[in-house]
Amino acid sequence: MHKPMLLLGLAAAAAVRCTFDTSGITRSEAGGAGDPAPTSEARVGDGSGGDRGADRPRLEARSPDAKLDAKPLDAKPLDAKPLVDLTKPDLVLPPDLKPPPDLKPPDLDPCAGLSCALGCNVSGRCNRLTASNGQAIVATAFDQVTAGLAVSSLSGTTINTDTGAVSGVRLGGKGLSAGIYWDTVSQGAGQRALSVFVLTSLTVAAARELRLSGTLPALLYVTGNATIDGRIVSTPGGPNAGAGGYDGGGPGAGAAACAGGQGKAGTHNSDDDSGGSGGGRKAAGGDGGDGGGESGLAGGAANGTATLVPLYGGCGGGGGGGTSWGGYGGGGGGALHLAANGTLTISATGVIAMSGAGGEGPTYNWGGGGGGSGGAIFLEAGALSLAGAVAANGGGGGGGGGSSSTNGGDGTHGSSGGAGGAAGSSGAKGGGGGGLASEPGGNGGNASLNGGGGGGSAGRIRLVAKSLSAGGVISPAADQSTVIAVW
């Protein structure tokens, strides 16, 4: 006798079609057209009509209400886990779903995990402040520098813009030295090269001084933060200009050429001597005073632009009339671009001053020298907080007429230009330097014999930062912007 078998023939497969619910097979239905209606019991191979064998087991179809326990082969288990998203970089995969070692999730956010005050660069680092001057050197040196500068000694620190030397810290020479990078870059025809220092930080302690010396204007670029509680100055002395400024003229001589802002010499005829005129920068310098029959000449013209690109300092005043004893013209103030990639803070005790020098009074009965103009100060940062003083005021003109005349005052570290020098016995007072209230230099006084020197004009100041808070004293008024460039 044959062992019982479950046999599904082709005919049966064609005649029965199944539908499913969550419990599996629910019922059987008639298949093709013309098939007999299903009954409660249908037999396959009952031994009649040419059947292959009466002893074969029967295949019975359940009634429509019957249910089977079998589950469809393609049914999805109810506890199936969702597909894994391999694009998530922070996903922890179970052991059986980990990708091959050479398959890495794509880095969809190059700035993930970064906190960037100036935004994130597509290369996956924070953006960096673009210096409006000297950027080529900044880009070269940014990742090389490893040291900052802290000015804390009573004697202060001097930076030489011509050699790159920093007293007590760095010897002269281009490139990286003592962790600070220095080089120069051309600013175009007719301009002096820019002296560029790149360092990681800058702090000037209260009552301490950082001095700029040399002939070149300076960019100090700080890759981090800068805090100024003390002073940064480039003070001209007599006819000698601050770093990046232009010298005043000697007796009877005009000042050094300075984009048309140089003061002109006083004239001389017998006992009559006019005063030298003041240097111009943001505004015109003061005219030299008349001396008897000698008329003073016009002050130096306003020059440069508010952008302070290119960067240069103040223009010198012209020498007083008289070939040997006229007063010297004052030197122009220096030029400083201080840029901080992070935050630049100038506290209530902090001072940055690039003011012009006063013109000198003559030794004998001659004309007074013109005052030098204020220089240039450019502060650029990611964030700038200013509560102290930033000054680029003009120097006063020297008084005319004899040994009792006095020199004009240097531009102050506050809101005013230098005072005009007092007149001698045969002369006139010098004109005052330009400042916050009045930017042009004052005209020298007129006298019957010896005219006073004209005052130097105020210089230029520019403040640029994404976050800008400017209080304290700013003289003259600054050009301000919250639009920066980054790289």
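Let me start with Leu 210, which in this predicted model touches Leu 149, Val 151, Thr 157, Ile 159, Leu 202, Val 204, Leu 220, Arg 231, Ile 232 and Val 233, leaving aside residues up to four places away in sequence. Leu 210 belongs to the largest nonpolar core, a set of 38 residues, and together with Leu 202, Ile 232, Leu 336, Leu 338, Leu 344 and Leu 379 it touches the most other members of that core. Apart from this core lies another one, of 21 residues, which includes Ala 131, Tyr 181, Val 196 and Ala 376.

Now to the sheet. Strand 9 covers residues 209-213, and it runs parallel to strand 4, to which it is joined by four bridges. If you look along that pairing, you will find Ile 159 standing opposite Leu 212 of strand 9. These two strands are part of an open sheet of six, ordered 4-9-12-16-18-20, with parallel pairing. At its edges are strand 4, residues 157-160, and strand 20, residues 473-475, each of which pairs on one side only. On average, and with direction ignored, neighbouring strands in this sheet are turned by 10° against each other.

Next, Ser 195, which sits in strand 7, residues 194-199. Is Ser 195 buried or exposed? Its relative accessibility is 0%, and therefore Ser 195 counts as buried. The side chain of Ser 195 makes a polar contact of 2.7 Å with the side chain of Trp 182. Trp 182 is also one of the residues that Ser 195 touches, the others being Thr 161, Asp 183, Thr 184, Leu 216, Pro 217, Ala 218 and Leu 219, again without residues up to four places away in sequence.

That leaves the charged pairs, where the count comes to six salt bridges. In one of them, Asp 143 is paired with Arg 128, and the closest N and O atoms are 2.9 Å apart. This pair links distant parts of the chain, 15 residues apart, since Asp 143 is in the loop between helix 2 and strand 3, while Arg 128 is in the loop between strand 2 and helix 2. The two partners fall into separate accessibility classes: Asp 143, at 61% relative accessibility, counts as exposed, whereas Arg 128, at 12%, counts as buried.

A second salt bridge brings together the side chains of Lys 282 and Glu 439, at 3.0 Å from N to O. Here the partners are 157 residues apart, with Lys 282 in the loop between strand 14 and strand 15, and Glu 439 in the loop between strand 18 and strand 19. Lys 282 is partly exposed, with a relative accessible area of 24%, and Glu 439 is likewise partly exposed, at 22%.

The third one I would like to show you is between the side chains of Asp 479 and Arg 462, with an N to O distance of 2.1 Å. Because Asp 479 lies in strand 21, residues 479-481, and Arg 462 lies in strand 19, this salt bridge ties together parts that are 17 residues apart in sequence. Asp 479 is partly exposed, with a relative accessible area of 31%, but Arg 462, at 16% relative accessibility, counts as buried.

Finally, which residues are joined into one network by salt bridges that share partners? They are Glu 209, Arg 211 and Arg 231, and Arg 231 is a residue you have already met, among the contacts of Leu 210.

Note on methods
Residues are numbered from 1 along each chain as its sequence is written. This is a predicted model: local features need pLDDT of at least 70, side-chain atom pairs count only at pLDDT 80 or more; totals for chains, interfaces and linings use all residues. Side-chain values use heavy atoms; hydrogens and water are left out. Buried means under 20% relative accessible area, exposed over 50%, partly exposed in between (1.4 Å probe, protein chains only). A polar contact is a pair of N or O atoms within 3.5 Å; within protein, one must be able to donate a hydrogen and the other to accept it, and residues adjacent in sequence count only if both atoms are side-chain atoms. Contact means heavy atoms within 4.5 Å. Two strands pair if DSSP finds at least two bridges between them. Axes are lines fitted to C-alpha atoms, for helices over the stretch in contact, and angles run from 0 to 180 degrees between N-to-C directions. A nonpolar core is a set of buried Ala, Val, Leu, Ile, Met, Phe, Trp, Tyr and Cys residues joined through side-chain atoms within 4.5 Å. A salt bridge is a side-chain nitrogen of Lys or Arg within 4 Å of a carboxyl oxygen of Asp or Glu.
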